[in-house]
Amino acid sequence: MSDAPEAQPDDGSSGRGVPCQNCGAPLVGEYCHQCGQRHVPTLRVLYLVRRFLESALDLEDLERGVGQTLRRAARNPGRVARRYVDGERREFVNPLGYFLLTATATFLVFSVFQEAWVQSQAEAYEVMWQSLGASSDEIFRPGSPLRSLGWSSAQDLAAGIFQFFQQVQTYVGLFTCAAAGLLLRWGFPKRTVAETLVFELYVTAQATLFLGMLGPLLFWGAPAFIGVLPIFLQVGLHVHGAGAFFGTRWRARLLPPCAYLASVVLFVIGSGLVTVGVVTYIA
C-alpha cells in the first residue's frame with residue numbers, strides 16, 4: 001500500500017491548474033505567484049467591499065493603480081469595468097475606491113466655488129419668482145414652510161440647497177449606482193449584480209470627476225446650468241461605456257442610461273415624499 005497522501009478534488013476556488021486572470025501565469029494556489037492577484041472564480045459584491053477595505057489600508061497598492069485608472073477611465077470607463085470584471089484587477093483602483101476618490105475631489109472643487117454658485121443661483125431664484133408674479137417677501141413670509149426651515153432669503157435657500165447636496169452627493173451616487181446596477185442585472189441576466197455594480201461605479205465616478213473639472217467653467221460662464229451638467233455627463237458616459245461593457249447593439253447601449261435615469265427618478269420621488277412629510281410635520 002502506498003503511503004502517498006490521497007489527492008483531494010479541486011473545488012475550483014484555489015484556481016489550481018487555470019491561468020491567472022490578470023497576467024496569464026499558471027496558478028498553483030489561490031494567489032498568483034507572479035503578480036500576486038487572488039483567484040476569484042465569480043465576482044461578488046462582498047469581494048468588492050473587502051478589496052476596497054484592503055486597498056484603503058495599502059497606500060502603495062492605491063498609488064500604483066490611480067494613474068492607470070485615471071487614464072483608462074477618461075477614455076472609456078466601460079472598458080475599465082470590463083477589464084476589471086474579466087479579472088485584470090491589479091492595475092486598477094477598486095471601483096468603490098475610485099468612486100469615493102472622485103467624489104472627494106469634486107467636493108473640494110465645489111467648496112472653492114461655493115460663494116459664486118450661491119450668489120448666481122439666488123439671483124436665478126429671484127428672476128423665477130418675479131416671472132411667476134411673486135416676491136421674496138411672499139416666499140419667505142413668517143410661517144411659510146421655507147421660513148420654518150430657517151431660510152429667510154433667496155441666498156439662504158441657495159446656500160442651504162448647496163450644502164445639502166454637497167453633504168449627500170456621495171450617498172446619492174451610491175444609491176443610484178446600486179439601483180441602476182440592480183436594474184441592469186435584470187436587463188442582462190448573464191451578468192451578476194457585482195459586475196453591473198462595477199460598471200455603474202466606474203461610469204459614475206468618471207462622470208463625477210468630469211463634473212469637478214468642468215464645473216468651474218460653468219461657475220464663471222453659466223452657473224444656472226450646473227444642475228443639468230451631471231445628467232448630461234452621466235447619460236453620455238453610460239452610452240459610451242456600455243458599448244465596451246455590454247456590447248454594441250442598440251439595446252446594450254440604451255438600457256444603461258435608461259437604468260441610470262430610472263434610478264434618479266426613484267431617488268427624486270423618494271426624497272420628495274420624505275421632504276413633503278417633513279415640511280408637513282413642521283408646519
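Analyst: Quick definition before we start: a patch is made of residues with over 30% relative accessible area and no salt bridge, and nonpolar side chains are joined into one when they lie within 5 Å. Also keep in mind that this is a predicted model.

User: Okay, which residues make the nonpolar surface patch of about 280 Å²?
Analyst: Patch members need over 30% relative accessible area. Leu-182 has 52% relative accessibility, so it clears that cut-off. The patch of about 280 Å² is made by Val-45, Val-49, Leu-182 and Val-193.

User: Is Leu-182 buried or exposed?
Analyst: Leu-182 sits in helix H8, which covers residues 154-187. To count as exposed, a residue needs over 50% relative accessible area. Leu-182 has 52%, so it counts as exposed.

User: Stepping back, what pattern does the protein chain follow along the sequence?
Analyst: The protein chain has eleven helices and zero strands. Read along the sequence, that comes out as α-α-α-α-α-α-α-α-α-α-α.

User: And what percentage of the residues of the protein chain count as buried?
Analyst: Buried means under 20% relative accessible area. One residue that passes is Pro-95, which is buried because its relative accessible area is 0%. Of the 283 residues in the protein chain, the buried share is 41%.

User: Since you bring up Pro-95, how far apart are the C-alpha atoms of Pro-95 and Ala-205?
Analyst: Pro-95 has its place in helix H4. Along the chain, Pro-95 and Ala-205 are 110 residues apart. In space, the separation of their C-alpha atoms is 8.2 Å.

User: Let's do pockets. Which element gives the most residues to the lining of the largest pocket?
Analyst: The largest pocket has a volume of about 1400 Å³. Elements giving two or more residues to its lining are helix H4 (95-112), helix H5 (114-131), H8, helix H9 (193-221), helix H10 (229-245) and helix H11 (250-282). With twelve residues, the biggest giver is H8.

User: Which residues of that lining lie nearest the centre of the largest pocket?
Analyst: There are 40 lining residues to pick from. Nearest the centre of the largest pocket you'll find Phe-165, Val-168, Gln-169, Val-172 and Phe-267.

User: How many residues of the lining of the largest pocket are charged?
Analyst: Only Asp, Glu, Lys and Arg count as charged. The lining of the largest pocket divides into 26 nonpolar and 14 polar residues. For charged residues, the count there is none.

User: How many charged residues line the second largest pocket, then?
Analyst: The second largest pocket holds about 230 Å³ of space. Its lining includes Lys-190, Arg-191, Arg-249 and Arg-251, and Lys and Arg count as charged. Next to five nonpolar and two polar residues, the number of charged ones is four.

User: Arg-191 is in that lining. Which residue does Arg-191 form a salt bridge with?
Analyst: Arg-191 counts as buried because its relative accessibility is 16%. The partner of Arg-191 counts as buried too, at 13% relative accessibility. The closest N and O atoms of the pair are 3.6 Å apart, and the partner is Glu-195.

User: How many salt bridges does a search of the whole structure find?
Analyst: A salt bridge needs a Lys or Arg side-chain nitrogen within 4 Å of an Asp or Glu carboxyl oxygen. The pair Glu-91 and Arg-83 makes that cut-off at 2.7 Å. Over the whole structure, the search total is four.

User: Which residues are linked in a network of salt bridges?
Analyst: Start from Glu-91, whose side chain meets that of Arg-83 in a salt bridge. Glu-91 is partly exposed because its relative accessible area is 24%. The linked residues are Arg-83, Glu-88 and Glu-91.

User: What about Arg-82: how far apart are the closest N and O atoms in its salt bridge with Asp-86?
Analyst: Both residues lie in helix H3 (residues 77-86), four residues apart, about one turn of the helix. Arg-82 is partly exposed at 31% relative accessible area, and Asp-86 is partly exposed at 41%. Their closest N and O atoms are separated by 3.3 Å.

User: Last one: how much space lies in the second largest cavity?
Analyst: The structure holds two cavities of 30 Å³ or more. The second largest cavity has a lining of three nonpolar, three polar and two charged residues, among them Cys-20, Glu-30, Arg-38 and His-39. The space in the second largest cavity is about 40 Å³.

Note on methods: Residues numbered from 1 in each chain as written. Predicted model: local features only at pLDDT ≥ 70, side-chain atom pairs only at ≥ 80, totals over all residues. Heavy atoms only, no water. Patch = residues over 30% accessible without salt bridge, like charges linked within 9 Å, V, L, I, M, F, W, Y side chains within 5 Å. Areas by Shrake-Rupley, 256 points an atom, 1.4 Å probe, with all protein chains shown as cover. Buried < 20%, exposed > 50% of the residue type's maximum accessible area, 1.4 Å probe, protein only. 1 Å grid on protein atoms, 1.4 Å probe; cavity = no way out; pocket = protein on both sides within 12 Å on 5 of 7 lines; lining within 4 Å. Points joined across faces, edges and corners; volume = space filled by probe spheres on them.
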